[in-house]
Amino acid sequence: MNGFPISLKGFTLYINALLEVGTVDVELPNIQFMTDTVTGSGIGGELEVPIAGLTKSMTMKIKKRAVNSQFTTLVAPIIHQLAFRGKIQMADPGSAIGRVKERTIRIMAKVMPKSKNLGKAETAKAMDTEAEFEVISIRIFVDEIPTLHIDKLNNIFAVDGINYLDDDDFL
């Protein structure tokens, strides 16, 4: 689709694909590769080489305006399966009438809780509760097309359908 993204139009969180938590803000993981330093004959110094497909710890933060029972459930010390669904508003410069289009975005994640900040209880203010999670796996779909799949426990690091941890797909 031609165009450029303007804004995310809400992001709804579901637990186990069924229980709706509501609209949330999400800080998605920063993907950092594990590295190895290479030195030796023929190398003028050192190279810090990323190891294809192997990532450092990934964390995700979820913020909600107020505490509710569904969001508090995420503190249970188990692996939670989360689904985030939203729409991205796109400007379509090719449209003669300046049409705006939408793309769907879906993020699936398996996470374990690391911390939970219940927020503040101030009259006439948002509580701004926040939870931080260790990400075990994450999948991102744009218009239901898989774009990224990282699963640390199943040796998957796939971008655009190529798993860089699977010798048969990669080589």
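A52 is partly exposed, at 46% relative accessibility. This residue sits in strand β5 of a predicted model. From there the briefing moves to strand pairing, salt bridges, backbone angles and a surface patch.

**A52 and strand β5**

- Strand β5 is the home of A52.
- A52 is partly exposed because its 46% lies between the cut-offs of 20% for buried and 50% for exposed.
- Leaving aside residues up to four places away in sequence, A52 touches Y164 and L165.
- A52 and L165 are 113 residues apart in sequence. In space, their C-alpha atoms are 7.4 Å apart.
- L54 also belongs to β5, which covers residues 47-55.
- L54 counts as partly exposed, with 34% relative accessibility.

**A nonpolar patch on the surface**

- M34, I51 and L54 make a nonpolar surface patch.
- The patch has an area of about 220 Å².

**How the strands pair**

- β6, residues 59-64, pairs with β9 in the antiparallel sense. Six bridges join β6 and β9.
- One of the partners is known by name: T59 has E134 in β9 as its bridge partner.
- β8 and β9 are also antiparallel, with twelve bridges between them.
- R106 has F141 in β9 as its bridge partner.
- β9 and β10 pair in the antiparallel sense over six bridges.
- V142 stands opposite I145, a residue of β10.

**The turn between β9 and β10**

- β9 and β10 form a hairpin with two residues between the strands.
- D143 in this hairpin has a positive phi near 50°.
- E144 lies in the loop between β9 (129-142) and β10 (145-151).
- Phi of E144 is positive too, near 65°.
- Why is a positive phi worth a note? Most residues other than glycine have a negative phi.
- D143 is partly exposed, with a relative accessible area of 31%.
- E144 is partly exposed, at 44% relative accessibility.

**Salt bridges**

- How many salt bridges does the count come to? The count is three.
- K9 pairs with E102 in a salt bridge, and their closest N and O atoms are 2.3 Å apart. This pair links distant parts of the chain: K9 is in strand β1 (residues 4-15), E102 is in strand β8, and they are 93 residues apart.
- K9 is partly exposed at 44% relative accessibility. E102 is partly exposed as well, at 36%.
- R103 and D143 join their side chains in a salt bridge of 2.9 Å, N to O. R103 is in strand β8 and D143 is in the loop between β9 and β10, so the pair ties together parts that are 40 residues apart in sequence.
- R103 is partly exposed, with a relative accessible area of 22%.
- E144 and R106 form a salt bridge, with the closest N and O atoms 2.6 Å apart. E144 is in the loop between β9 and β10, R106 is in strand β8, and 38 residues separate them in sequence.

**A closer look at R106**

- R106 lies in strand β8, which runs over residues 100-117.
- Is R106 buried or exposed? R106 is buried because its relative accessibility is 15%, and buried means under 20%.
- R106 and E144 also make a polar contact through their side chains, at 2.6 Å.
- Not counting residues up to four places away in sequence, R106 touches F84, R85, R139, I140, F141 and E144.
- F141 appears in that list of contacts, and F141 is also the bridge partner of R106 in β9.
- The salt-bridge partners fall in separate classes: R106 is buried, whereas E144 is partly exposed.

**Another positive phi: N155**

- Where is N155 found? N155 is in the loop between β10 and β11 (156-159).
- Phi of N155 is near 55°, a positive value in a residue other than glycine.
- N155 is partly exposed, with a relative accessible area of 46%.

Note on methods: Residues are numbered from 1 along each chain as its sequence is written. This is a predicted model: local features need pLDDT of at least 70, side-chain atom pairs count only at pLDDT 80 or more; totals for chains, interfaces and linings use all residues. Side-chain values use heavy atoms; hydrogens and water are left out. Patches are made of residues with over 30% relative accessible area and no salt bridge: like charges are joined within 9 Å, nonpolar side chains (Val, Leu, Ile, Met, Phe, Trp, Tyr) within 5 Å. Accessible areas come from the Shrake-Rupley method with a 1.4 Å probe; for residues, only the protein chains shown count as cover. A salt bridge is a side-chain nitrogen of Lys or Arg within 4 Å of a carboxyl oxygen of Asp or Glu. Helices (H or I, at least four residues) and strands (E, at least two) are DSSP runs, numbered from the N terminus. Buried means under 20% relative accessible area, exposed over 50%, partly exposed in between (1.4 Å probe, protein chains only). A polar contact is a pair of N or O atoms within 3.5 Å; within protein, one must be able to donate a hydrogen and the other to accept it, and residues adjacent in sequence count only if both atoms are side-chain atoms. Contact means heavy atoms within 4.5 Å. Two strands pair if DSSP finds at least two bridges between them.
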